[in-house]
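Visitor: Got a minute to go through this one with me? I'd like to start with the ligand and then hop around.
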Amino acid sequence: ESYIQIRDFNFFYGASQALHNLQFDIPKEQVTAFIGPSGCGKSTLLRSINRMNDLIDGVRHEGDILVNGHSVFDPLTEVISLRKRIGMVFQKSNPFPKSIYENVIYSLRVSGRNKKSELDEIVETSLKGAALWDEVKDRLNESALGLSGGQMQRLCIARAIANQPEVILMDEPCSALDPIATGKIEELINELKNHYTIVIVTHNMQQAARVSDNTAFFYLGKLIEYGTTEDIFFKP
Ligand code: ADP
Ligand code: ADP
């Protein structure tokens with residue numbers, strides 16, 4: 001069952017075209033990896049899905065991206081609510097200089113949810129969902145800036161989970177981590193895919209082979225190969 005549909009999608013930074021005629025579907029509750037050499041457009045496409053690109057001057061797109069049947073470019077779609085439904089995890093997460101607790105429920109506070117019992121429960125569920133609860137449950141009120149790099153990435157995932165997203169986009173989530181922290185994130189991705197549709201950009205082919213169900217290989221802004229990871233990596 002497809003959950004994200006990319007339709008005749010072109011993307012331009014000014015006069016330079018970064019994506020060419022992309023047309024493919026991303027399945028529900030699986031992990032899809034975007035791979036390809038630096039500059040091939042992986043990030044541009046990922047950021048188009050939750051409209052992180054709209055902020056850049058002079059960008060323009062043609063075609064459409066549908067998530068769960070709805071165009072992300074629908075003028076009636078509020079970008080803020082779109083970004084809750086489509087969470088994003090970056091290469092390096094920069095937690096706010098606030099407690100671990102406040103970092104998880106930051107966007108809930110912004111939208112005016114303040115009931116302590118409710119927030120406590122969301123913090124616990126989200127941190128458990130991000131495989132971080134056991135490590136931080138006794139120091140929820142300590143600054144998030146004291147966490148390790150890998151813990152910060154899982155905190156960022158917990159923050160996404162707190163918004164009850166449909167999709168989680170990850171842009172090189174492990175490239176600043178050591179192998180042990182990377183292993184933990186990869187294990188977590190495996191668990192998360194039962195509940196969320198996940199797209200991960202990675203320059204690490206082995207990582208794509210380890211964590212993804214489907215692989216899209218980009219080259220110079222074009223989709224060169226797309227299929228199950230097994231077919232792409234392991235078929236002779
Ligand atoms: P990847 O994620 O595969 O490394 P990107 O999506 O970052 O590729 O980049 C695709 C192309 O778009 C590259 O040629 C890059 O130089 C260009 N590009 C990326 N971001 C911008 C920007 N903000 N302004 C202009 N060009 C950009
Ligand atoms: P809104 O939040 O009301 O969608 P925006 O300023 O984000 O307002 O978008 C205004 C218009 O620009 C929308 O009609 C949308 O379809 C279009 N648009 C949004 N993102 C992009 C993009 N990355 N490239 C080109 N057009 C875009």
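Visitor: What does the oxygen atom of ligand 2 that is 3.4 Å away from a polar backbone atom belong with, residue-wise?
Guide: Pro75: a polar backbone atom there is 3.4 Å from an oxygen of ligand 2, a polar contact being a pair of N or O atoms within 3.5 Å; within protein, one must be able to donate a hydrogen and the other to accept it, and residues adjacent in sequence count only if both atoms are side-chain atoms. This is a predicted model, where local features need pLDDT of at least 70 and side-chain atom pairs count only at pLDDT 80 or more, while totals for chains, interfaces and linings use all residues. Residues are numbered from 1 along each chain as written, chains are lettered from A and ligands numbered from 1 in written order, and side-chain values use heavy atoms, leaving out hydrogens and water.

Visitor: Which N or O atom distance goes with the side chain of His61?
Guide: 2.8 Å, to a nitrogen atom of ligand 2. For the side chain of Arg51, an N or O atom is 2.6 Å from a ligand 2 oxygen.

Visitor: Which residues are around ligand 2?
Guide: Arg51, Asp54, Arg60, His61, Phe73, Pro75, Thr77 and Val79, each with a heavy atom within 4 Å of the ligand.

Visitor: Switching topic: where is Thr44 found?
Guide: In helix H1, residues 42–49; helices are DSSP runs (H or I, at least four residues) numbered from the N terminus.

Visitor: Why does Thr44 count as buried?
Guide: Because its relative accessibility is 8%, and buried means under 20% (1.4 Å probe, protein chains only).

Visitor: What is Thr44 in contact with, beyond neighbours within four places in sequence?
Guide: Phe11, Tyr13, Ala18, Leu19 and Asn53, with contact meaning heavy atoms within 4.5 Å.

Terms used: Helix = DSSP H or I, 4+ residues; strand = E, 2+ residues; numbered from the N terminus. Buried < 20%, exposed > 50% of the residue type's maximum accessible area, 1.4 Å probe, protein only.
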